[in-house]
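Subject: Handover of a structure and notes on its contents

Dear colleague,

Please find below the structure that I am handing over to you, together with its sequence. My notes on what was found in it follow directly after.

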Amino acid sequence: MDANINYFILLCMFMSVPIQGAYYYECNEPLLNKAVLTATSSLRDRGASNARLNGLPYSEINFDRDVNGRPRLVCDNSKRELANSLHFNVSHHGDYAVLAGEVGNVQLGIDVMKIEYTGGKSLSEFFRLMTRHFSMQEWNTIRGVHGTSESKQLVMFIRHWCLKESYVKALGVGITVDLRNISFKVKTPMLTCGAMTCDTQIYVNGKRLDGWLFEETLLDKDHCVTERAHTVNLTAIQNFKEGYA
């Protein structure tokens, strides 16, 4: 874990709510009224009325969406620096919803996927249809050596898709670019529960990009998650932290 990057990931498990039955919330709906996790330590202090974001009361915490539909914090001019420096991203699939947040001059994205295939077609046919989304190097890694089981191929496919999703979400562009030009080199072949893998490398248009940290893990044997942070200016981040310490 990079000591210069200060971030958190909250993992909230929806034990009995399928995605199809999940509620759709507008950006400003008071979700803290339903939240289980809070930032306060005293039971009597919990709740939306006592929630604070760097001193900003809950009633003044508002969100809108940028031109790409990405949620963002909206503040008046007195808190403009906070709004510009607070980054977050969310994802949900299977039994999990995940949230990654960062204070600093960074780009941030996260993606979670349940490791399953329910497409109806054979896995080999599904891979054929998805050919244009992965580089040749990635397909070699996904398919593995001759005789690699379909279950292992699926795990590696899901892992690569999480990596791509987290990267394009961090950029704020979504799946609107040619994903073959975004290629990942996996150095640790297997993810494990309770351990973070941070050595995966990214190449864009054949050139390796430095300064990008991809953190991968298994939430359980059926769910893979990738969080990605790119530090734009470490000095600016450190100054910001010291100013709000």
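The model is a predicted one, and its aromatic pairs number 13. One of them joins Phe-126 and Phe-127, whose ring centres lie 6.2 Å apart with 45 degrees between the planes, a tilted arrangement. Phe-127 also pairs with Phe-157: here the centres are 5.3 Å apart and the planes meet at 25 degrees, so this pair is stacked, the cut-off for stacking being under 30 degrees. The two rings come from distant parts of the chain, 30 residues apart, with Phe-127 in helix α2 (residues 123-129) and Phe-157 in helix α4 (residues 150-171). Phe-127 and Phe-157 are both buried; for Phe-127 the relative accessibility is 1%.

These pairs belong to a wider arrangement. Ring pairs connect Tyr-117, Phe-126, Phe-127, Phe-134, Trp-139, Phe-157 and Trp-161 into a cluster. Within that list, Trp-139 has a charged partner as well: the charged end of Arg-143 sits over the ring of Trp-139, at 4.5 Å from its centre.

Helix α4, which carries Phe-157, may be of interest for its geometry. Its 22 residues should span 32 Å at 1.5 Å a residue, and the C-alpha atoms at its ends are indeed 32 Å apart, so expectation and model agree. The helix is mostly covered, with 17 of the 22 residues buried. Gly-172 follows α4 and has a positive phi, near 85 degrees.

Turning to the cysteines, how many disulfides does the model contain? The count is zero. The sulfur of Cys-224 has its closest cysteine sulfur in Cys-162, at 4.1 Å; because a disulfide requires the two sulfur atoms to be within 2.5 Å, this distance is too far for a bond. Is Cys-224 buried or exposed? With a relative accessibility of 1%, Cys-224 is buried. Cys-198, by contrast, is partly exposed, at a relative accessible area of 30%.

The strands offer a hairpin. Strand β6 (residues 86-93) pairs with β7 in the antiparallel sense, over eight bridges, and Leu-86 has Val-103 in β7 as its bridge partner. Two residues lie between the strands of this hairpin, where Gly-94 takes a positive phi near 60 degrees. Six of the eight residues of β7 (residues 96-103) are buried, so the strand is largely enclosed by the rest of the structure.

Two loop residues complete these notes. Thr-197 is placed in the loop between β9 (182-185) and β10 (201-204). Its relative accessibility is 9%, so Thr-197 counts as buried, the limit being under 20%. Neighbours within four places in sequence aside, Thr-197 is in contact with Arg-159, Thr-188, Leu-191, Phe-214, Glu-215 and Glu-216.

Asn-205 lies in the loop between β10 and β11 (207-208). Its accessibility is 60% in relative terms, and Asn-205 is therefore exposed, the limit being over 50%. The phi of Asn-205 is positive, near 55 degrees, in a residue other than glycine. Most residues other than glycine have a negative phi.

With kind regards

Note on methods:
Residues are numbered from 1 along each chain as its sequence is written. This is a predicted model: local features need pLDDT of at least 70, side-chain atom pairs count only at pLDDT 80 or more; totals for chains, interfaces and linings use all residues. Side-chain values use heavy atoms; hydrogens and water are left out. Rings of Phe, Tyr and Trp (its six-membered ring) pair if their centres lie within 6.5 Å; planes under 30 degrees apart count as stacked, over 60 as edge-to-face and the rest as tilted. Buried means under 20% relative accessible area, exposed over 50%, partly exposed in between (1.4 Å probe, protein chains only). Helices (H or I, at least four residues) and strands (E, at least two) are DSSP runs, numbered from the N terminus. A charge sits over a ring if NZ of Lys or CZ of Arg is within 6 Å of the ring centre and within 35 degrees of the ring normal. The expected span of a helix is 1.5 Å times one less than its number of residues. Two strands pair if DSSP finds at least two bridges between them. Contact means heavy atoms within 4.5 Å.
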